[in-house]
2 protein chains.
Amino acid sequence: MSVEKKAILVVADGLGDRAVKDGKTPLQLARKPVLDELAREGSTGLMSTLGRGVIPGSDTAHLALFGYDPAVYYKGRGPFEALGVGFELKQGDVAFRCNFATVDKNLRVIDRRAGRLKDEGPQLAKFLQGIKVEGVRAIFLPSTEHRGTLILRGDGLSPAVSDTDPHSSEPLPLLESAPQNNSQAAKKTARIVNEVIRESRSRLASHPLNKQREKEGRLPANVILTRGAGVYEKVESLKDRYGIRSCCIAGSALYKGVAKYVGMEVLKVPGATGRIDTDIEAKAKVARQALEEFDFVFVHVKGADNASHDGNLEGKLLMIEKVDRLVQILCQEAIYLIVTADHSTPLSLKRHSSDPVPVLFYGNGVRRDKVKFFDEISTACGCLGHLTGIELNREIMDLMGCGHMVGS
Amino acid sequence: MSVEKKAILVVADGLGDRAVKDGKTPLQLARKPVLDELAREGSTGLMSTLGRGVIPGSDTAHLALFGYDPAVYYKGRGPFEALGVGFELKQGDVAFRCNFATVDKNLRVIDRRAGRLKDEGPQLAKFLQGIKVEGVRAIFLPSTEHRGTLILRGDGLSPAVSDTDPHSSEPLPLLESAPQNNSQAAKKTARIVNEVIRESRSRLASHPLNKQREKEGRLPANVILTRGAGVYEKVESLKDRYGIRSCCIAGSALYKGVAKYVGMEVLKVPGATGRIDTDIEAKAKVARQALEEFDFVFVHVKGADNASHDGNLEGKLLMIEKVDRLVQILCQEAIYLIVTADHSTPLSLKRHSSDPVPVLFYGNGVRRDKVKFFDEISTACGCLGHLTGIELNREIMDLMGCGHMVGS
């Protein structure tokens, strides 16, 4: 198998939307001359990433876009977060997404984000090193702001344990992790999680940073909450499957994590923040350079999703303009450029939805349909029709010359 | 899970068609200004209810529209008919569709509808009460005209038995019910069916109404024919699945039955006949009132299917105008309105076909595509693309805010 032509896949997170103004979607309202020009010159369509009417999560949507059926490969979000902060997971590790949070004396979670922690994570995390329960090592890794990851490493663990995070803005009690099946492994893992959290409370209570925060009337980060338990299992990489060298350019840990899971190399981009203020020129530059070394370059742009979760139309329009600029830099004759989203995040809902997202294929020889604009309405008439994420990935791999023929 | 917005689903039975005049379908020929206006303001598409090229039955199509995969949930039509006439089935009951029919002395079925019985069913049915065979109770319920339902209640029954109805307009012999597998249950059930039918012949022969009919030279209803055996199994309701309160507004027993099977409350509508003469204003009024109590309101309109089975173009056009009037009354800003059909019934065929049917989503925020008319041709360019019934249901549930996210 050899690569005929390289490709860049741009995923603008949460880009799809509904009618928000004069019956038009943000993509219909935004100024995006380059995306529209590429739509005129290439193939377009719509994608329901996980199938019609299914609301994609961010992790499952990207698995599908990379060609990995979530029904087979999705084992919970925790491992992606751990991989995304650069941790080398081993087969059987059980990982959790974590928040630093604040509990009161009655162990009610009064702030799930410990007063929106800024950059104190690493300092607090130092007090959480070296915890071991029933022979299992608990490794805590701080991430951005209040976020972190907990990895349990040892024998006989299971991801079938419930969250300790009460998932509420109301002051609900800190939950005990409970086994979700009758296995010894689930029971053991739940016991360990609960013990790790007790230990985290004890250690964080005495942290000078927390004493300082309390003195200043701020909320202490006096507990960690766990959620999204998942077990790490090594899977065949994109290289194993297609013989391609692939890389990831993203700001947020989750996307780096999913990329790493499927064997992509994660490139560092200074200025890629995973927010609306991300340095799109820096990302574009790294992506262009990456084409020298890699066959398949995945570029993730998070901002449109953030703006949507905040109900911020102006921010979403700005991000669409940034994506337009990114695409302007990336489009070259020598490669295929694919632009799409992982899912819709309608501004009116401030959550993911199942509404399909537009897809664009651009590159020399790609079929040129009659669609003139890159948006949710125009691309419905495109020659790609209506795809799932898995189908999109297969089409990209075939474009690149890495497809598998069935039969002879 | 909470409902963000309520929805009304209007299903115009057998609405889809083929080119019948000047290359146009009845939907293209009919006057339906409201449906066309909603098409201009909303999202449209096409639906192959059970998948491309599959001819949907009325029962299976509605199962799919409610989100219940017929491959899993369809156990024969009998139970839907029984539920539809208001009978409370118990787990394991085996139910059959029945006709009162006429057999001659040689037990040939000379009229499958006993001379198109009018309203004599209930009187005849009184003679069929209290039949018990091998410890199994046989409960016969009259329905409209010559129709009825037989329910067998007892241990060790099976729906794997053949029809006694010869299904022919020729005078073919009354069939013996035969077991369709080697199980004791199927053998026992077939024996019971045959005994119930023998007993029905004996009892109906002496019914004064039949003696009267024979005296007048009319055909006696001297036997019941069984078909469509099915076993009742309780399934999780729409409330269990989505937390929604749902109701059904329909004239015919079958649709009420499928609705009841999935946990909808069946509302009574005086004037809803399940025929072309149905009182559409009465249905619309009940549907609007139902929105106060229910989240998801299913409105079934049968007439277009009847007209199609009769090859009656004028009737079909009239029914389309009635649906237009219904939709005019139902469309409000505060809800989502979904209009579609369960299947096509081409006038030229006088039977169901696999031709896809148009779909329309209307409501605040719904994507506005470029389609201007609600018909089988125009909606092919709509932004909903081409859906199955199950997919349509998932999209509706997500619109209402009751969707499930896969992943995180």
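Which residue in β8(B) stands opposite B:Cys98? B:Cys98 faces B:Thr226 there. The views below come from a predicted model.

**Figure 1. Overall build of chain A.** Chain A contains 14 helices and 15 strands. Its radius of gyration is 22 Å, close to the 22 Å that the globule rule gives for 408 residues, so chain A is as compact as a globular protein of that length. The C-alpha trace of chain A spans about 65 × 50 × 35 Å along its principal axes. Of the 408 residues in chain A, 56% are buried. Among the contacts in chain A with a separation of 6 or more, 69% are made by residues 24 or more positions apart.

**Figure 2. The largest nonpolar core and the surroundings of A:Ile249.** The largest nonpolar core holds 252 residues. The members that touch the most other members are A:Val10, A:Ile249, A:Val327, B:Val10 and B:Ile249. With neighbours within four places in sequence left aside, A:Ile249 is in contact with A:Leu267, A:Val269, A:Ala272, A:Lys283, A:Val286, A:Ala287, A:Val297, A:Phe298, A:Val299 and A:His300.

**Figure 3. Burial of strand β3 of chain B.** Strand β3(B) covers residues 94–103. In this strand 10 of the 10 residues are buried, so β3(B) is largely enclosed by the rest of the structure. In a regular strand, side chains alternate between the two faces of the sheet. One side of β3(B) carries B:Val94, B:Phe96, B:Cys98, B:Phe100 and B:Thr102. The other side carries B:Ala95, B:Arg97, B:Asn99, B:Ala101 and B:Val103, and both faces are covered.

**Figure 4. Strand partners of β3(B).** β3(B) runs antiparallel to strand β7 of chain B (residues 147–153), with 6 bridges joining the two. Within this pairing, B:Phe96 has B:Leu150 as its bridge partner. β3(B) is also antiparallel to strand β8 of chain B (residues 223–231), through 7 bridges. The position of B:Cys98 opposite B:Thr226 belongs to β8(B).

**Figure 5. The hairpin of β3(B) and β4(B).** Strand β4 of chain B (residues 109–111) pairs with β3(B) in the antiparallel sense over 2 bridges. B:Val103 has B:Val109 as its bridge partner in β4(B). The hairpin has 5 residues between the strands, and B:Leu107 takes a positive phi near 60 degrees in this hairpin.

**Figure 6. Relation of chain B to chain A.** A turn of 119 degrees and a shift of 0.3 Å along the axis lay chain B on chain A with an RMSD of 0.1 Å. The two copies are thus related as by a three-fold rotation axis. B:Cys381 is the residue of chain B that comes closest to the rotation axis, with its C-alpha at 3.5 Å.

**Figure 7. The contact between chains A and B.** In this interface, 22 residues of chain B are in contact with 28 residues of chain A. On the side of chain B that touches chain A, at least two residues each come from β14 (385–387), α14 (389–400) and β15 (405–406) of chain B. α14(B) gives the most to this side, with 4 residues. By class, this side of chain B has 6 nonpolar, 8 polar and 8 charged residues. Only 9% of the interface residues of chain B are also interface residues in chain A, so the copies meet through different surfaces.

**Figure 8. Strand pairing across the two chains.** Strand β3 of chain A (residues 55–56) pairs with β15(B) in the parallel sense over 2 bridges. The bridge partner of A:Ile55 in β15(B) is B:Met405.

Key. Residues numbered from 1 in each chain as written. Chains lettered and ligands numbered in written order. Predicted model: local features only at pLDDT ≥ 70, side-chain atom pairs only at ≥ 80, totals over all residues. Rg over C-alpha atoms; globule rule 2.2 N^0.38 Å. Buried ≥ 20, exposed ≤ 12 C-beta atoms within 10 Å, placed from the backbone. Contact = placed C-beta atoms within 7 Å. Core = buried A, V, L, I, M, F, W, Y, C linked by C-beta atoms within 7 Å. Pairing = 2+ DSSP bridges. Least-squares fit on C-alpha atoms with pLDDT ≥ 70 in both. Nonpolar A, V, L, I, M, F, W, Y, C, P; charged D, E, K, R; others polar.
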